Amino acid sequence: MLVLFETAAGYAIFKVLDESKLQQVDSLHKEFETPEKANKIVKLKHFEKFQDTTEALAAATALVEGKIGKNLKKVLKKIVAKEAHEQLAISDVKLGGVIKEKLDLSCIHSPAVCELMRCIRSQVESLITGLPSREMAAMSLGLAHSLSRYKLKFSPDKVDTMIVQAISLLDDLDKELNNYIMRCREWYGWHFPELGKIITDNLAYCKSVRHVGDRTNVATTDLSEILPEEIEAEVKLAAEISMGTEVSEQDINNIMHLCDQVIEISDYRTQLYDYLKNRMMAIAPNLTLMVGELVGARLISHAGSLLNLAKHPASTVQILGAEKALFRALKTRKDTPKYGLIYHASLVGQTTAKNKGKISRMLAAKAALAIRYDALGEDTNAEMGAENRAKLEARLRQLEERGIRRISGTGKAMAKADKYQHKSEVKIYDPSGDSTIPSTSKKRKFEEVAEDEPETPAAKIKKPKKEPVEEEESAAPAVETPKKKKKKEKRAAEAEEPEEESTVTESTEKKKKKKKKVKVEENDE
C-alpha cells in the first residue's frame with residue numbers, strides 16, 4: 001500500500017511495510033512513538049518539493065477544491081502508475097474520486113488511513129530527511145498566510161460583505177442623527193422654543209439654527225434658501241415675541257458646532273445611501289426591484305451573505321427578522337407572525353391591513369426566486385424581477401378591488417366575488433331558568449282561569465240539584481252519574497285548546513273538590 005501525504009513543503013509518497021499493523025487502529029499510535037518504530041511501519045518512497053510559495057499556494061487551492069494540480073499529477077504518473085497493483089491511501093475522499101477517474105488508480109480512505117496520516121504527521125521530521133523543523137514551520141506559516149489572503153481576495157461569497165457593512169453603518173448613522181437632532185432641539189429650545197414647533201423638518205431646523213445663531217438676528221437674516229416664505233415670516237414673527245431665555249455667545253457657538261455635525265452626517269448618509277443603491281443593483285438587481293434597496297440589504301445582512309440567503313426557503317424569507325415573535329408565539333401557542341423585515345417593502349406597505357399577510361407571502365415567494373437567480377445565475381439582468389413585480393402589483397389591485405374574475409368557458413361573462421361571511425349558530429343563555437319563583441302569582445292565575453271559564457262551575461252545581469229527585473226511586477243509578485260526568489269532562493278538555501300546565505292542573509283540582517262536595521251532599525240527602 002502507498003500513502004499520499006501533503007505537506008507545506010511538497011508531496012510525499014510513503015510505502016507501508018507492515019499492513020497488518022493498520023488493522024489495529026486503536027493501538028496504531030504506539031507504533032509511531034519513536035522515529036525507529038515509525039521507520040519500521042512506513043518508508044519514504046518519493047518527495048516532490050515545491051519550488052516557491054506560489055507553487056505551494058496553487059497546489060493547496062487545488063486540494064481544497066478537490067482538483068489535481070500539475071505537480072501532483074506528475075508525481076502520480078511517475079511513481080504510483082509503475083505500481084498500479086498497489087492501493088493509494090488518501091485523506092480526502094473527493095480527491096480520491098478524481099484520481100480514480102482521471103488516472104485509473106485504486107484509492108482507499110478509511111478510519112485506519114486517517115489514523116495513519118495522523119501518526120505520520122507526528123513523526124514527519126524523522127520520516128522526511130533534509131527538512132529541518134524550523135524550515136518546515138516557516139513554510140507552513142507562509143502557506144497559511146498566502147491561502148488566507150487568496151480566500152479573502154477571490155472568494156465569491158465575500159463580494160456582498162460591502163453591502164452588509166454599508167447597511168449596518170447606515171442604521172448606526174440614523175440612530176446617531178436622531179440623538180444629535182433631539183439634543184439640538186432641546187438645547188436650542190431653551191433660547192427659542194417656538195422655532196421647534198414651526199419647523200418640523202430636522203435638517204431644515206439645524207440649517208436655520210446654523211444661519212441665525214441668536215434669535216435677535218432672525219429679523220436681519222435671510223432664510224429664503226432654507227425655508228418657504230410663509231414659514232420664514234412665521235419664524236420672524238415668533239422671534240419678536242419669544243418666551244425663551246437669554247444665552248451666552250459661547251453657548252450659541254457650541255449649538256452651532258452641533259448643527260454642523262448634524263449637517264455633515266446627513267450629507268454623508270445621503271452619499272452612503274447612493275453607494276448602497278448602486279452596489280445592490282450590481283449584486284442583486286432582481287431582489288432590489290422586488291423589495292427595494294434597504295430591505296434587500298437588510299435581508300442579506302441578516303442572513304450573513306447573499307448565498308446564505310439563497311439557501312433559505314420562501315417561508316423563512318417571509319419571517320426573517322421576526323425570530324423573537326416566532327418563538328414567543330410557538331411557546332405560548334398563539335398565531336405566528338406573518339412578516340418580518342419584508343414588512344417594510346413598498347408592496348406590503350401600500351396594502352390594506354387585511355391583505356398584508358397575503359401580499360407578504362406572495363412577495364416572499366417571488367423574492368426567494370429572485371435571490372437564487374441573483375446568487376447562482378450567470379446573467380445579471382433584472383428582467384425576472386420586473387416581471388414578478390408586475391404580477392404582484394396586478395394581484396394586489398385584484399385583491400383591493402375584491403377582484404372581478406372571468407368565468408371559465410366564457411370569455412365575456414364576468415362575475416363579482418361575494419364577500420365571505422362566516423355563519424355560525426350563536427346560542428344565547430336564557431337567565432329565566434335560573435329562578436324557581438314563578439313570574440306571576442298563583443292567585444292571579446286562578447282569577448284568570450275563573451274569568452275564562454265562568455259557565456262550567458254553574459253547570460256542575462245545577463246538575464246535582466236535579467239528581468236527588470231520581471235518587472228517591474233508585475240509589476244505584478245515582479252512584480253511576482258522577483263517572484259519566486268525568487268522562488264527558490275529559491273529552492271536553494281534550495277538545496279544547498291546551499292551556500298552560502300549571503293552570504290546567506289547578507283547574508282539575510278545583511273540579512275534583514267540587515265533585516266531592518256534590519257527593520257528600522247526595523249522601524247527606
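Here are some notes on the sheet, the aromatic pairs and one helix crossing in this predicted model.

1. Start with the sheet. Five strands make it up, running in the order β3-β2-β1-β4-β5, and it is open with mixed pairing. At the edges sit β3 and β5 (107-108), each of which pairs on one side only.

2. Next, the β1 end of things. Strand β1 (residues 2-6) and β2 run antiparallel and are joined by five bridges. A hairpin of three residues takes the chain from β1 to β2. If you want to check the register by eye, L4 stands opposite I13 in β2, and F5 stands opposite A12 in β2.

3. On its other pairing, β2 is antiparallel to β3, with seven bridges between the two. G10 is a handy marker here, as it stands opposite K49 in β3. As for cover, β2 is mostly shielded, with six of its seven residues buried.

4. How many aromatic pairs does the structure hold? There are four. Take Y11 and F50: their ring centres are 5.4 Å apart and their planes sit at 75 degrees, so this pair is edge-to-face, given that anything over 60 degrees counts that way. The pair links distant parts of the chain, with Y11 in strand β2 (residues 10-16) and F50 in the loop between β3 (42-49) and α2 (53-64), 39 residues apart. Both Y11 and F50 are buried.

5. Y339 and Y343 form another pair, with ring centres 4.9 Å apart and planes at 40 degrees, so they come out as tilted. That angle falls between the cut-offs, with stacked being under 30 degrees and edge-to-face over 60. Are these two rings' residues buried or exposed? Y339 is partly exposed, at a relative accessible area of 27%, and Y343 is partly exposed too, at 34%.

6. One charge-over-ring contact to look at: R185 lies over the face of Y205, at 4.4 Å from the ring centre.

7. Finally, the helices. How do α8 and α14 cross? The axes of α8 (residues 161-189) and α14 (residues 293-303) come within 9 Å and cross at roughly 115 degrees. The two are therefore roughly perpendicular to each other, a class that covers 65 to 115 degrees. The handedness of the α8 and α14 crossing is left-handed.

Technical notes. Residues are numbered from 1 along each chain as its sequence is written. This is a predicted model: local features need pLDDT of at least 70, side-chain atom pairs count only at pLDDT 80 or more; totals for chains, interfaces and linings use all residues. Side-chain values use heavy atoms; hydrogens and water are left out. Rings of Phe, Tyr and Trp (its six-membered ring) pair if their centres lie within 6.5 Å; planes under 30 degrees apart count as stacked, over 60 as edge-to-face and the rest as tilted. Helices (H or I, at least four residues) and strands (E, at least two) are DSSP runs, numbered from the N terminus. Buried means under 20% relative accessible area, exposed over 50%, partly exposed in between (1.4 Å probe, protein chains only). A charge sits over a ring if NZ of Lys or CZ of Arg is within 6 Å of the ring centre and within 35 degrees of the ring normal. Two strands pair if DSSP finds at least two bridges between them. Axes are lines fitted to C-alpha atoms, for helices over the stretch in contact, and angles run from 0 to 180 degrees between N-to-C directions. Angles under 35 degrees count as roughly parallel, over 145 as roughly antiparallel, 65 to 115 as roughly perpendicular and the rest as oblique. A crossing is left-handed if the near helix is turned anticlockwise from the far one by less than a right angle, and right-handed if clockwise.
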